[in-house]
Amino acid sequence: MIRPTFVCGLIAVAAVATASAEDFPLTFRTIPAKDVMSFPGGSGNIGSLQTAKPTKLKNEPKTTSRHPLYGECRDMATGAALVYRLDESKGDGKGYDRLIVDMNQNGDLTDDPVIQRAVLPGERQTVSPEQLLFGPIQAPADKAVAGGRPIYFARVYIYNRQLLGMGQEAQNMFIGQLMLKAGWYLDTTVELNGRKTKVGVFDGDSNLRLGDVSQPQTYTSGAEKSWYFRPGDFLLVDADGSGKFENDLFQSEAYPFGPILYLGGMAYKVALTPDCKSLRVAPWTGLLAEVALQPHGDQVKYLTLAWEGTSGNWQLIRPAVTNGKIMVPPGNYRLYACSLVGSGGSRDQVMVSGMQRIPQTPVSIAAGKANTLDCGGPLQIQVTATKAGAETRGLLAEDSSRASGNAETTLSINANFAGSGGEIYSTFLKGDRFQSNPPKPTFSIVQAGGKTVATGNLEFG
């Protein structure tokens, strides 16, 4: 029988503490059900919902629904899986209201508790897709960490209920998905150089283990290669001093878990002690190289880089940006994400956030030399127009003319906002605390003679 184990080991790069290292005791905290899905630190572990049973499922209680739904949330690092089942206690078609998750990972759902729906005050039931919240789901009692017993919540989405009546044909069809997210975290108050900062550790990939560093995944579509970083754990930083960890579209208080964390603009080594009861913090004693962000580094608010380790593995770091410059350990880097803030008063400011999903040639950064990194503005609008299956770049006058004469012709227009490092910006917010959307950009299709044949709006994202 395989049981989940919390692994709270020191990160390899930060394993050797210096004389100035200090251990800050961690406190176990739980997250209210109403806040768990909006808590900073990613979206958790996501699995699909199907009528087919997972191969790892060995035993289960008798079902009430004719169409129970199954799936598994897989630990990408170890291959282990958390099997789960949704059932309808009131009968087929009456609504999914019972969830069982194989938290002890033995393939047997008969020794795991049945989890009820968590109905939130003022929550409205959506018709499509159905959204259901289940929890709390407790980890096994012997997996207590820092004096508390970890709990999780599951957000269920039902997209294709109509497929359930297809019988055997629906076995491998996608019915919906389940998003498992931690409802707990550890936190402490770190006092360095006379400054106190609340720092936390969050099980971002919801795999019953702390200390996971996000790992890259590369995939190919046609001739284009892309990459993204699989979910890992997060270090939380109360950057605005509000006394709590807050979420936003820019993940401004959630930092990728790893050996380096920037507090107050300074770099520190960080690691969990082996018993997960303390966070070990020490000044970064290795070399740091200065990098100038160009051409408009003063607009860069947040920056996430992929850093190549000595063994060729890549990991994410979030360096502090000060006056358009960053300080990072020497090595090879790729731009991964960037957020910009435009000038103006608090109500007029605009923040945009973009990602670089195409792995670029690494930039070599060395201490003692003039290093630069391209990112941010000016943003270039890249327009693609597709008509009748034939793709053309730009809006050609002759295409517009023919389109106006053919009522059945569809012209699909897509616009990307590309930064100086090739990153594509898809999140746009404005105003005080960046909580509102700016006006949608408009476009016009004009013939060669100057006649406007169509106008419209482009959707953000």
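Student: Why is strand β11 called largely enclosed by the rest of the structure?

Tutor: Count its buried residues. Buried means under 20% relative accessible area, with over 50% exposed and partly exposed in between (1.4 Å probe, protein chains only). In β11 (residues 184-192), 7 of the 9 residues are buried, so the strand is largely enclosed. This is a predicted model, where local features need pLDDT of at least 70, side-chain atom pairs count only at pLDDT 80 or more, and totals for chains, interfaces and linings use all residues. Residues are numbered from 1 along each chain as its sequence is written, and side-chain values use heavy atoms, with hydrogens and water left out.

Student: What makes β11 a strand?

Tutor: Strands are DSSP runs of E, at least two residues, numbered from the N terminus. Residues 184-192 form such a run of 9 residues.

Student: How do you know that β2 and β11 pair?

Tutor: Two strands pair if DSSP finds at least two bridges between them. Strand β2 (residues 27-30) and β11 have 4 bridges, in the antiparallel sense. One place to look is F28, which stands opposite L186 in β11.

Student: What joins β11 to β12?

Tutor: There are 7 bridges, and the two strands run antiparallel. Strand β12 covers residues 195-202. T189 stands opposite K198 in β12. The two strands form a hairpin with 2 residues between them. In that turn, N193 has a positive phi of about 55 degrees.

Student: What makes β4 and β7 edge strands?

Tutor: Start with the sheet. It is open, has 4 strands in the order β4-β5-β6-β7, and its pairing is antiparallel. β4 (69-74) and β7 (114-116) each pair on one side only, and that puts them at the edges. Neighbouring strands are turned by 30 degrees against each other on average, direction ignored. Axes here are lines fitted to C-alpha atoms, and angles run from 0 to 180 degrees between N-to-C directions.

Student: How do you know that β4 pairs with β5?

Tutor: β4 and strand β5 (residues 81-87) share 6 bridges in the antiparallel sense. The pairing rule asks for at least two. In β5, V83 is the bridge partner of E72.

Student: Which strands are the edges of the sheet β1-β19-β18-β17?

Tutor: That open sheet of 4 strands has antiparallel pairing. Its edges are β1 (22-25) and β17 (260-263), each pairing on one side only. The twist averages 40 degrees from one strand to the next.

Student: How do you know that β18 and β19 pair?

Tutor: Strand β18 (residues 266-272) and strand β19 (residues 278-283) have 5 antiparallel bridges. Y268 has P283 in β19 as its bridge partner.
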